[in-house]
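Work through the exercises below with the sequence and the model in view, and try each task before reading its solution.

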Amino acid sequence: MITPKDLKAIGKTLKPHGINGELAVALSTDVDLSSLSCIVIEIEGIYVPFFISNVRPKSNDTDLIIIDGIADERSASMLCGRSFYGLKSDLPSMESSAEEGLYAEDLIGFQVVANKNFIGKIRTIDDSTVNCLFIIQGSDAREYLIPIADEFIEEIDVDRQQIELTVPPELLEL
């Protein structure tokens, strides 16, 4: 089973290209899609692997991909507008030094302690707007949306996969 800690966000599906199931995608990181064993897309809370059979550039910031089993525009359109991930084991080593720091997507799967209380785990990152958010699956079955802001982050413990936040209490009541 694929879990969020196995993944790194690498791009977003944009729209179908043509009628044969080809998809336009935008990459958010420098990765060669043809070198990956698969890409992973979250569908109804489950991380599903999709195997790429062909990749070709469309422009400087977009590629066109063909996914095994996706053979028409309708099937391709069902995958559009979604973030997609690469398996960390497939990606070049991203060991970060203290100087390089962490990226928000590196924190997916981390436990979150907010205002000294455990609230859940980071399920994903919403970067669809200028104000990026941690999407936290609460231990109480709630979903918390916390802005990714330096002033809220008290400590990040990579070894324990835990992040401590101090946030306005109102954010935890939304």
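**Exercise 1.** State what area the protein exposes and what share of it carbon and sulfur atoms supply.

*Solution.* In this predicted model, the exposed area of the protein comes to about 10,200 Å². Carbon and sulfur atoms supply 50% of that area. Turning to the interior, 36% of the 174 residues count as buried.

**Exercise 2.** Decide whether the radius of gyration of the protein agrees or disagrees with that of a compact globule.

*Solution.* Begin with the expectation, which for a compact globule with 174 residues is a radius of gyration near 16 Å. The protein has 17 Å, and therefore the two values agree.

**Exercise 3.** Find which parts of the chain are tied together by the salt bridge of Lys8 and Asp106, and classify the burial of both residues.

*Solution.* First, the side chains of Lys8 and Asp106 meet at 3.5 Å, N to O. Next, Lys8 belongs to strand β1 (residues 7-17), while Asp106 sits in the loop between β7 (83-87) and β8 (111-114), so the salt bridge ties together parts that are 98 residues apart in sequence. Finally, since buried means under 20% relative accessible area, Lys8 is buried at 4%, and Asp106 is buried as well at 17%.

**Exercise 4.** Describe the salt bridge of Glu42 and Arg123 and the network around it.

*Solution.* The side chains of Glu42 and Arg123 meet at 3.0 Å, N to O. Glu42 lies in strand β3 (residues 39-43) and Arg123 in strand β9 (residues 117-126), 81 residues apart. Glu42 is buried at 18%, whereas Arg123 is partly exposed at 24%. Through shared partners, salt bridges join Glu42, Arg123 and Glu143 into one network.

How values were computed
Residues are numbered from 1 along each chain as its sequence is written. This is a predicted model: local features need pLDDT of at least 70, side-chain atom pairs count only at pLDDT 80 or more; totals for chains, interfaces and linings use all residues. Side-chain values use heavy atoms; hydrogens and water are left out. The radius of gyration is taken over C-alpha atoms; the globule rule is 2.2 Å times the number of residues to the power 0.38. Buried means under 20% relative accessible area, exposed over 50%, partly exposed in between (1.4 Å probe, protein chains only). Accessible areas come from the Shrake-Rupley method with a 1.4 Å probe; for residues, only the protein chains shown count as cover. A salt bridge is a side-chain nitrogen of Lys or Arg within 4 Å of a carboxyl oxygen of Asp or Glu. Helices (H or I, at least four residues) and strands (E, at least two) are DSSP runs, numbered from the N terminus.
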